[in-house]
Amino acid sequence: MKIAILSRNRRLYSTRRLIEAAEQRGHEVHVLDFLKCYMDITPSHPSIWYKGTKLEGYDAIIPRIGASVTHYGLAVIRQFEMMGVYCLTESVALGRSRDKLRAMQLFSRKGLGMPSTSFAYQVHNTKDLIKLVGGAPLVVKLCEGTQGRGVVLAETAKAAESVIEAFRELRAEFLVQEFIKEAGGSDIRALVIGTKVVAAMQRTAMDGEFRSNLHRGGSAQLIKLTPSERATAVKAAQTMGLNVAGVDLLRSSRGPLLMEVNSSPGLEGIEGATQKDVAGFIIKYVEENAKPHKTRTRGKG
């Protein structure tokens with residue numbers, strides 16, 4: 001197969017591992033910096049160009065789109081979809097997962113467990129927002145943050161009001177969420193491919209930090225999921241429409257609670273913690289599913 005990986009840096013661990021896994025299985029792999037792609041939006045003949053060359057003959061693309069460049073990345077994926085190229089991560093699914101508010105609304109509609117969450121536009125609703133999630137301590141979270149950025153723990157109602165008002169001054173969109181104390185600064189990352197959890201790890205925050213992200217100094221270890229946790233992770237990925245997803249869960253007194261679903265999950269932490277060839281699993285999934293025009297959205301939406 002001829003596969004393109006949409007990535008800004010071929011030296012990143014996840015991109016390197018996908019290249020290695022694909023080449024080991026005999027595929028031709030090209031890494032394309034999607035910000036350098038440009039599109040000919042012509043009726044009936046959509047095309048993509050890269051460094052003066054028209055991109056043709058690809059069987060599949062594997063998007064690795066960073067949060068800060070989501071908008072242009074979505075445009076490139078949609079163009080490939082309209083060209084009939086199989087996209088491992090489809091444009092609509094990526095867009096849903098990057099909008100935390102939209103994702104929470106979809107989880108709620110499907111009846112999936114999640115922390116109590118509130119959202120408002122006007123600052124005079126601040127006290128009501130805090131009441132809706134059970135009061136302080138609580139978490140204030142930017143709707144489009146990643147890797148723990150834009151996530152603040154407010155220990156008191158006064159602190160929560162100050163953080164909310166500060167975010168409002170910046171015209172930022174954010175969620176207010178219940179703080180799950182019994183999680184103890186740990187969460188679970190379940191890596192879902194298709195309809196299966198292929199690897200899972202527990203991430204624990206460093207001392208003095210409540211965010212367990214590995215980018216923030218958290219540690220990771222192998223963990224065995226309960227049937228309920230597995231089912232929740234798979235259903236969350238399917239709700240987003242993602243073929244590959246990193247699903248973040250909290251263990252609570254009322255069962256597994258969804259935090260978020262990552263459409264471009266990093267592979268370094270989970271491969272290190274589980275010693276599993278997750279990159280190989282992803283390439284195998286592409287082999288089994290890549291067919292022309294096998295895209296649910298086909299550039300729509």
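Hi everyone. A quick definition before we start: when I name a helix or a strand, I mean a DSSP run, at least four residues for a helix and at least two for a strand, numbered from the N terminus. With that in hand, K36 can be placed in the loop between β2 and β3 (37–40). And please keep in mind throughout that we are looking at a predicted model.

Let's stay with K36 for a moment. Its relative accessible area is 47%, so this lysine is partly exposed. How far is K36 from V139, counted between C-alpha atoms? The separation is 37 Å, for two residues that are 103 apart along the chain. Compare that with another pair, A183 and L250: here the sequence gap is 67 residues, and the C-alpha atoms are 6.1 Å apart. A183 sits in the loop between β11 (174–178) and β12, and with a relative accessibility of 14% this alanine counts as buried.

Now to the strands. Which strands make up the open sheet, and in what order? There are four, running β8-β11-β9-β10, with antiparallel pairing. At the edges are β8 and β10 (151–154), each of which pairs on one side only. Inside that sheet, β9 (residues 138–142) and β10 are antiparallel and joined by four bridges. To find that contact on your screens, look for V140, whose bridge partner in β10 is V152.

Next, a run of strands further along, starting from β12, residues 186–193. Strand β12 has antiparallel pairing with β13 over eight bridges, and antiparallel pairing with β15 over six. On the β13 side, D187 has R203 as its bridge partner. On the β15 side, R189 is partnered with D248. The hairpin of β12 and β13 has two residues between the strands, and in it G194 takes a positive phi near 65°.

From β13 we can step onward. Four bridges connect β13 to β14 (residues 219–222), again antiparallel, and R203 is met there by A220. So R203 gives us a handy landmark: its bridge partners include D187 and A220. As for burial, seven of the nine residues in β13 (residues 196–204) are buried, so the rest of the structure largely encloses this strand.

Strand β15, residues 244–252, tells a similar story: eight of its nine residues are buried, so it too is largely enclosed by the rest of the structure. Besides its pairing with β12, β15 pairs with β16 (residues 255–262) in the antiparallel sense, over seven bridges. A hairpin of two residues joins β15 to β16. D248 is the landmark here, since it stands opposite E260 in β16 and is also the bridge partner of R189.

Let me turn to charges, which I suspect this group will enjoy. How many salt bridges does the model have? The count comes to 14. One of them joins E20 and R17, with the closest N and O atoms 3.2 Å apart. Why are these two about one helical turn apart? Because they are three residues apart in helix α1 (residues 13–24). Is R17 buried or exposed? R17 counts as buried, at 13% relative accessibility, whereas E20 is partly exposed at 32%. Both belong to a network of salt bridges that also links E271 and D277.

A second salt bridge brings R25 and E287 together, at 2.7 Å from N to O. R25 is in the loop between α1 and β2 (28–32) and E287 is in helix α9 (residues 278–289), so this pair ties together parts that are 262 residues apart in sequence. R25 is partly exposed at 38% relative accessibility, and E287 is partly exposed at 27%.

A third one links E56 with K54, and there the closest N and O atoms are 4.0 Å apart. K54 is partly exposed, at 38% relative accessibility.

Finally, the surface. Which residues form the positive patch? They are R102, R109, K110 and K235. Of these, K110 lies in the loop between α4 (100–109) and β8 (117–118), and this lysine is partly exposed, with a relative accessible area of 43%. That brings us back to β8, one of the edge strands of the open sheet.

Thanks for listening, and I'm happy to take questions.

Methods
Residues numbered from 1 in each chain as written. Predicted model: local features only at pLDDT ≥ 70, side-chain atom pairs only at ≥ 80, totals over all residues. Heavy atoms only, no water. Patch = residues over 30% accessible without salt bridge, like charges linked within 9 Å, V, L, I, M, F, W, Y side chains within 5 Å. Areas by Shrake-Rupley, 256 points an atom, 1.4 Å probe, with all protein chains shown as cover. Salt bridge = Lys/Arg side-chain N within 4 Å of Asp/Glu carboxyl O. Lys, Arg positive; Asp, Glu negative; His and termini not counted. Charge placed at Lys NZ, Arg CZ, Asp CG, Glu CD. Buried < 20%, exposed > 50% of the residue type's maximum accessible area, 1.4 Å probe, protein only. Pairing = 2+ DSSP bridges.
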